[in-house]
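Student: I should like to take a close look at a single part of this structure, namely the place where protein and DNA meet. Could you please describe that part to me?

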2 protein chains.
Amino acid sequence: MSTRERKQREMQEREAKILECARPMFIEGGYNGLNMDRLTSLLEYSKGTIYNHFSCKEEIIITLAIQTLEKRLAMFQKASLFQGTSRERIAAIGAAAELFVKTYPDHFCVEQTIRLDSIWDKTSEERRKLMSNYEHRCIGIVGGIVRDGVSRGDVILGNSATPEEIVFGLWSMSMGGYSIITTSNSLSELGISEPYEMLRRNFNRFLDGIQWQPLSTEVDYDAVYDRVTREVFGNELQQNTV
Amino acid sequence: MSTRERKQREMQEREAKILECARPMFIEGGYNGLNMDRLTSLLEYSKGTIYNHFSCKEEIIITLAIQTLEKRLAMFQKASLFQGTSRERIAAIGAAAELFVKTYPDHFCVEQTIRLDSIWDKTSEERRKLMSNYEHRCIGIVGGIVRDGVSRGDVILGNSATPEEIVFGLWSMSMGGYSIITTSNSLSELGISEPYEMLRRNFNRFLDGIQWQPLSTEVDYDAVYDRVTREVFGNELQQNTV
DNA sequence: CACTATTTTGACGGATCGTCATTTTAAGTC
DNA sequence: GACTTAAAATGACGATCCGTCAAAATAGTG
């Protein structure tokens, strides 16, 4: 009885097609640009069929976000296997994050939309959990490296500081930095010409601030970024499918 | 002929009323929550009258953002007058930023919506300029303090680093941090219990990283935060009108 | 008061989301 | 292949909401 699994596969394929069609529409025109009527006319499926997959527009959007978060997790996992000092491994994650943003430059627009309460509240508990899960696992990877750095003695956290606090710092700076980069229209006016390089250096300043050894004055972490980009993600750079 | 100025005043007052009514609607339900039909029914003005003030919904939303950005600029300006070392003055700005977020917790939701291209593109050039202007002036204040720190010799920027780069770092971390704080639903799950305190400490780590004297190990900048909150903004804490 | 300019009004056109009764397709059985 | 039944697809439709504009109301002026 292969009927069941064939249907499942067809379901899967159709879902992929819907998302494939919806993504450029959303990227182009945001929440309002994703037009359900136009989506049905572009696809070979009717309204009702699409609504069998996604109970509302918001469900499509959150699924678009989940698709790229999945990619990011995979990239973080790959980067976390990089062999080196604990601080080099953090740099490897940084490289992964930067590469992710550059590969999926529209991810932040989607995520920004999703995070708005008005959208978030209309999505299913199931997909929300899924999305949070991908996020938490990314954070978990960073936390693991921080704890590793502490246990190896590369970084000493005082009485009040926790690994989570350091993760929160890195998270804040990357979230804010990439948000500014991808949504701000006038960076050059503000004297910010090479934002990615700047952001990297600022990460290093933060890590220098907690004396995470070896300091950026001793090691050229830009070289680590380059190595990771080449060695770990070299093959990923050619293929840029969503 | 006081007719003209009376009309101007009436116009002003009506605009204020419209925004006053629109704000809670937007905060409650976001872009879709701000319903133009409901807005007219709640106000004593009709559709057409409202559209005499704002050419579209997006114009109302960006004006809501401008209103609070105006408040933030005023707070930054006030904080920048704080007497102390250059690093204490940065801390004073940090206190202002934190107070701003706590006073107008919904600002980031509005700003997040505005920054989405699909909304941004529908707003008038005039109001966009206005909004950018408030933002740039806030950034300018921080830049001024950084340059002051450099000229006083409190912080030494190497060959490659620029004041703008340091500003970008502080900007990224605050933008990201406050965004996470105001829109994330599960901070405690991630071991982040006192996010504002954490963020402050992370600012200090970043500034320690560039060796901005005196370091946070020498001076208790939390005390500066408290002083600024009390001395500079003490009277602001009672009145919490928008 | 009469005439004109300006402002206000709200009904309406157009667009879009999500539903659901109906039709079509597919599966199972003899 | 014919018949029955279950499942899935369809798209017309109701409901909602944005922005417009011709008509009505109001204010200004001599």
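Tutor: The following answer takes the two DNA strands one after the other. The model is a predicted one, in which local features need pLDDT of at least 70 and side-chain atom pairs count only at pLDDT 80 or more, while totals for chains, interfaces and linings use all residues. Residues are numbered from 1 along each chain as its sequence is written, chains are lettered from A and ligands numbered from 1 in the order in which they are written, and side-chain values use heavy atoms, with hydrogens and water left out.

Let us begin with DNA strand D. A residue is near a strand if one of its heavy atoms lies within 4 Å of it. There are 21 residues around DNA strand D, and A:Arg14, A:Ser46, B:Arg6, B:Lys47 and B:Tyr51 come nearest. Among the atoms of this strand within 4 Å of the protein, 71% are part of sugar or phosphate, and the rest belong to bases.

Some individual pairs are polar contacts, that is, pairs of N or O atoms within 3.5 Å; within protein, one must be able to donate a hydrogen and the other to accept it, and residues adjacent in sequence count only if both atoms are side-chain atoms. The side chain of A:Arg14 has an N or O atom 2.4 Å from a phosphate oxygen of DNA strand D. A:Ser46 uses a backbone N or O atom, 2.8 Å from a phosphate oxygen of that strand, whereas a backbone N or O atom of A:Gly48 lies 3.4 Å from a base oxygen.

Helices (H or I, at least four residues) and strands (E, at least two) are DSSP runs, numbered from the N terminus. H3(A) gives the most to the surface near DNA strand D, namely four residues.

We now turn to DNA strand C. Of the 21 residues around it, the nearest are A:Arg6, A:Lys47, A:Tyr51, B:Arg14 and B:Thr49. A polar side-chain atom of A:Lys47 lies 2.6 Å from a base oxygen of DNA strand C. Phosphate oxygens of DNA strand C are approached by a polar side-chain atom of B:Arg14, at 2.4 Å, and by a polar backbone atom of B:Ser46, at 3.0 Å. H3(B) gives the most to the surface near this strand, with four residues.

By class, the surface near DNA strand C has six nonpolar, six polar and nine charged residues. Here Ala, Val, Leu, Ile, Met, Phe, Trp, Tyr, Cys and Pro count as nonpolar, Asp, Glu, Lys and Arg as charged, and the others, Gly among them, as polar.
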